[in-house]
Amino acid sequence: MREGKEGRGGFEGLDACVHCGFCLQACPTFLATGDEADSPRGRIELMRALERGDLTASDPALAYHLDRCLGCRGCEPVCPSGVQYGIGLEAARQRIAEARGVSRLARLALWALTSPKVSRVVYWFARGFRATGIPRRLAGWGRLRFAMGMLAATQGGEMRTKARKVLSPPSPALLFRGCVQQGLFSHVHDATVRTLGVNGYQVGEVKGQVCCGALHAHAGLLDEARALARVNVAAFGEGDEPIVVNSAGCGALMKEYGHLLCHEQGERFGARVRDVTELLAGDAMRGPIGGAPLDMHVAYDPPCHLLHAQGVAVPPLRLFAAIPLLELVSVPGAAECCGSAGLFTLLEPEMSRAVLAAKIERLRETAPQVVATGNPGCQMQIGAGLAAAGVATRVRHPVELLDDAYRAAGRYE
Amino acid sequence: MTILEKVTALLGEGAVLEAGTDRVPRFAPGSPDAVALLLGTAHQEGWRVRIEGAGTWLQSDAPADLALTTRRLDRIPAIEPPDLTATAEAGIGLDQLRQQLADRGAWLGIDPPGLAGRTLGSVVATASAGPLRHGFGPIKDHLLGVTFVTGDGRMVQSGGRVMKNVAGYDLTRLQAGGFGAFGVIVLVHLRLRTLPRADVTYLLEGAREDLTQVGEDVAAAGLTPAALELVSPALARRDRWVLGVRLAGSPALVAADEAGLGAASGGGRFTPLRAEEAHAFWMRLAEGFAVRPVTFRIGGVPSASDELLDLLQHQLGDEWISASPAAGSIRWTGEASIDRLQRLRRTLAGLEVPLTLERAPWPLRSAVGHFGAYREGVGPLVTGLRRTFDPGAALVVATEGE
Amino acid sequence: MRLLYSMTAPSPLARDLAAIVGAKHVREALAARVTYAMDGLPTHRRVPDLVVLPGTREELIAVVRLLAALDVPFVPRGAGTGLSGGALAGEGTVLIVLTRLNRIVRIDRANRLAVVEPGVVNAKLTAATKPLGLHYAPDPSSQTACTIGGNVAENAGGPHCLKYGVTANHILALEVLLADGSLVELGSPGGETWGPDLVGVFVGSEGNFGVATRITVRLTPVPRAVRTLLADFTSIRTAGEGVSAIIAAGIVPAALEMMDQSCIRAVEDSVYAAGYPRDAAAVLLVEIDGRNADAVVAEADAVADLLRTAGARTVRTAASEAERERLWQGRKKAFGAMGRLSRDLVVQDAVVPRSALPDVLETIYGIAQRYGLVVSNVFHAGDGNLHPNISFDATDPALKQRVEAASAEIMSTCIAAGGTITGEHGVGLDKLRYMPLIFDAESLGAMQALRRVFDPEERVNPGKVVPVHACREWASLARAS
């Protein structure tokens, strides 16, 4: 178990809660059920009861409500007392995982999606199946059809171009590839490399990197997450180049490697991690080099792990601002979670769909041409929801839009 | 022993007043405790008690074994200008109270119908607000607390003397508009305002529909008049309907509203009144409701005001009417039969508009009732409240019609 | 498959309730119930026997009728942000949670009213009406979370109630479900009542008279001009005198709020940092609003002068809507930020005459000092409604005792100054013990008798508001059948 400051394994982060309830309306699951037990404040009580020993980690009702937390951490930025909900939740989930083990479904999913050899085969098949166009046609609300929609939503453009050489000596950056992102969203990696290239970064590859471990950590498998983190820390070495991540969920955990591993090396690693939009926006927040106009309505859907966990709010907006004519439409509740939350969409389909439904309804009303979001889980979840609801809106990563604008501006060879 | 003798022994000679024409013995207890003593005794003896204030509003004609008047409860124990609060006994005349408040730079934002000497207790018990309701809300909004004596002689305090108070259940609001059916108010804690440094009244004459439109325009322009009252020709003693606009507050705000008023007058011209004219106008309005035999008020939503005025004109004739259209309240006075009033109340109830009978001779009052045509479930609650706060039915109040 | 919930079979009552609302809206497992053991004041704890979350008015009616038939006591609850332990259900009691009844039934722009279900969140109602130029004026600090139903039960206040009045001034009509399952319609959309003012009686009855199922609220035009001032002081006393000066000048600000240093620092450490000066002994937040921009500016200038004369170090005006919003967010989230000071918190809600503020505040800090406690004040100065909060660690029993003693002393100070024990939080469980300090046995008995008119068996929210042992007995208590 992780040793916290007071040796309470992360639960100490919950002490500041005075039960004011200001988090309730920021919680997607509370909005879906209206049930205190599905709210941050209620779950904090559960975690406290677990720590005190009033409830045991094997209590099925305790696990039921903590399992139903998306881990979106939408409650943290609204908390006046700064309760460290996410850290408490991880501690509680670890205890639950120790008590009852991890479900077979979660194990299977982790094995298929994150273990290097197996996942390569899985993603190869998935890409082939995606290319047939069948998943897009089958997309719907049922469990299987929703999975089809998710797969279909990973489709990107197939452009194999490179950024022209920039004049000033480029700054180095290292790309984190991840598992799902590499397996199904390699086009986002390509767009990342190209757009950063235009903005003066030479993006290098790192051998020996593995899955970031976020899915494991969320499932309560902290030791497995730590093992993966150690491999990544070693692979990326001791340099000071920024480590660029274009998947918000991965970035959020990697920035916290220091906390996870409890060592300074991890701390230094975390300090190097930057979301791609942060690098593009630049430290002075001037935003990337402008692209050609794209006449489209775009709804930005900030991933929870970017907005809440990493506190990255403005950089993506700077990116859109670099594209003339692109109009950002505001969708009410855009900052609320989509219900994806890593494996959550698979393990808690009912709650996940309930949370998603509200978002899809509002997207249907505002009807943007594109929903932009910087996390593979969100892209798949929202994409599948839109497909199931028969809404023609596409979901894309923000860097893909900038990439299009650069291509139209003739910045690529 | 007769009632007169018993009560004289109880309260002393000083409490005995001359009986009215109906020979009912009348007593004026000199303190809240004396009220409690008298009502406690009445409850035990099974006497029926009629409550009176100054006798200027509700007709003193309810059949009873004795009449209890609050007119000797006329002290003002506290006026606190820095806190904008005051405490006054229920029998004080409103004119006296106003004068004393004005001397201390304070003001009570209510202008109920009736003669100038109408008692504070009467105004609170009947919750009769006047034109100032538009700017300062109904009577209940001016109350911080009351002390009352139940029909069986228990002295109960509710609320307090401070601006906000949610300690315990709100018995103050039960008494405000309870028509004395749930006890006799003896002491009132009031919320005050500072005496307006500017207070001007403008009148506009015209056809009713046009004036209604002007009233809406004034509201839409965001003006904040203290009163915005539509008055029938007979009541205003003019040829046509009159819209009276009263602006009261700081000179800067009043000047700003005066400037906006011209723009909202819909082509007509508002005439400013001199201070004494304004006083006379509003006094006449208030007093007009105390001279005809029947007075009632109704309350609907603002958009229904026109329709309701039509209905009143159609069913009763547009004798004397005063309406605060934006607040949705209308007051009517004139002559009306039991049958007509009952029919009107039923019609109005269908429109979700309550009719509260404020004054009428006993035969009509007892037949129609101050209240009636209750919505679902209200009747049993009112009966329960009566039984709780006047278990021996000592207080003679025409709560509901027969 | 995943384990479903509870290994034990549901109780017969849970089964019957599930038949009405659906199994997933009945919570019987201990882990789910403990999350309902507290409201916004966690010093009180009661675990309900059963929690039920009806999703429609019809379901709610069916639930209450079932409980009436079985003679089971129940407690209605909104978002659970109350601060008096009022929405807690103890042993043998069912908690009815109304958060799912969150529909805005109707907004009538012309007549400036809205009809809502009890679970509608306060701030969401205002958000829905803002585009029409209207808002729901009562703005308790918890408005982003609390429900209109809860506001009605507690007669909730808020900063802007100084000018616009508390909840009771904004409720026109109510549909109420009594404990016996019968429906009552109180009030009318025009605000006139059917008989006595039962709307006024119901508002603030702390969920003890029944459940409001439909609420008709008055909407207020959004003011066209607003000025927000922040004044800071080097002593609490001068800040209190600044308040008195404004009131005595006859100016009615839209809001007039005070925060002391301890509170300022907690807010400034939080995500809601508003730019309050950390070294100030107190700040006043004053808002002037109205229709006419010139008049508002003139009045705001007058207020600024009064404050400077009273001894304000600086008075600054919010330059933009964003700055105004920030100043207000800091104030409204201040209570939540108290968790930064210590893990436990006692919240008070006394009201004193406004002219007594400087003296009372000084006495309160004196008491805190004597007991060696941290007291933070954040409150509605314009109403004289104090919220002295004492931060402490409840795991230390000796400390807890000192907090209790200091609280009682603070309360008697306020009562002695002519004040009352609660201005907007309600009595609930928390202030039961103080009720006999301001009401005699007869008056307490009258309150209990009033309650029994609505709920003869005392089955809704039993054991709250009136300390029954301190009541004088009232003979005739039955409701007409």
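## Chain architecture and interfaces of a predicted three-chain model

Chain B contains 14 helices and 19 strands. Its radius of gyration is 21 Å, close to the 21 Å that the globule rule gives for 402 residues, so chain B is as compact as a globular protein of that length. The structure discussed here is a predicted model, and every value below is computed from it.

Chain A has 22 helices and eight strands. For its 413 residues a compact globule would have a radius of gyration near 22 Å, and the 21 Å found for chain A agrees with this. The extents of both chains along their principal axes are as follows.

| Chain | Helices and strands | C-alpha extent along principal axes |
|---|---|---|
| Chain A | 22 helices, eight strands | roughly 65 × 50 × 45 Å |
| Chain B | 14 helices, 19 strands | about 70 × 50 × 40 Å |

**Contacts between chains**

Two pairs of chains are in contact, and of these chains B and C share the most contacts. Chain A and chain B do not touch, their nearest C-alpha atoms being 21 Å apart.

Where chains B and C meet, 66 residues of chain B are in contact with 77 residues of chain C. On the side of chain B that touches chain C, two or more residues come from each of β9 (155–159), α6 (171–175), α9 (251–263), β16 (294–299) and α14 of chain B. Of these, α14(B) gives the most, with nine residues. Sorted by class, this side of chain B comprises 30 nonpolar, 23 polar and 13 charged residues.

Chain C also meets chain A, with 39 residues of chain C in contact with 31 residues of chain A. On the side of chain C that touches chain A, α2 (30–34) and α12 (334–337) of chain C each supply at least two residues. The largest share, four residues, comes from α2(C). The residues on this side of chain C divide into 22 nonpolar, 11 polar and six charged.

**A helix pair across chains B and C**

Which helix of chain C does helix α14 of chain B come within 9 Å of? The partner is helix α16 (residues 441–454) of chain C, and its axis crosses that of α14 (residues 378–389) of chain B at roughly 150°. Because angles over 145 degrees count as roughly antiparallel, α14(B) and α16(C) are therefore roughly antiparallel to each other. Their crossing is right-handed.

From α14(B), the contact is made by L381(B), G384(B), L385(B) and T388(B), and from α16(C) by A449(C), L450(C), V453(C) and F454(C). By class, these are six nonpolar and two polar residues, with no charged residue in the contact.

**Domains within chain C**

An automatic or database assignment divides chain C into domain 1 (12–97), domain 2 (104–221), domain 3 (224–339), domain 4 (342–434) and domain 5 (439–470). The centres of domain 2 and domain 5 of chain C, taken over C-alpha atoms, are separated by 24 Å. How many residues does each of domain 2 and domain 5 of chain C give to the contact? Domain 2 of chain C contributes seven residues and domain 5 of chain C contributes nine residues. The side of domain 2 of chain C that touches domain 5 of chain C has three nonpolar, three polar and one charged residues.

Definitions and conventions: Residues numbered from 1 in each chain as written. Chains lettered and ligands numbered in written order. Predicted model: local features only at pLDDT ≥ 70, side-chain atom pairs only at ≥ 80, totals over all residues. Axes fitted to C-alpha atoms, helices over the stretch in contact; angles between N-to-C directions. Parallel < 35°, antiparallel > 145°, perpendicular 65-115°, else oblique. Left-handed = near helix turned anticlockwise from the far one by under 90°. Nonpolar A, V, L, I, M, F, W, Y, C, P; charged D, E, K, R; others polar. Rg over C-alpha atoms; globule rule 2.2 N^0.38 Å.
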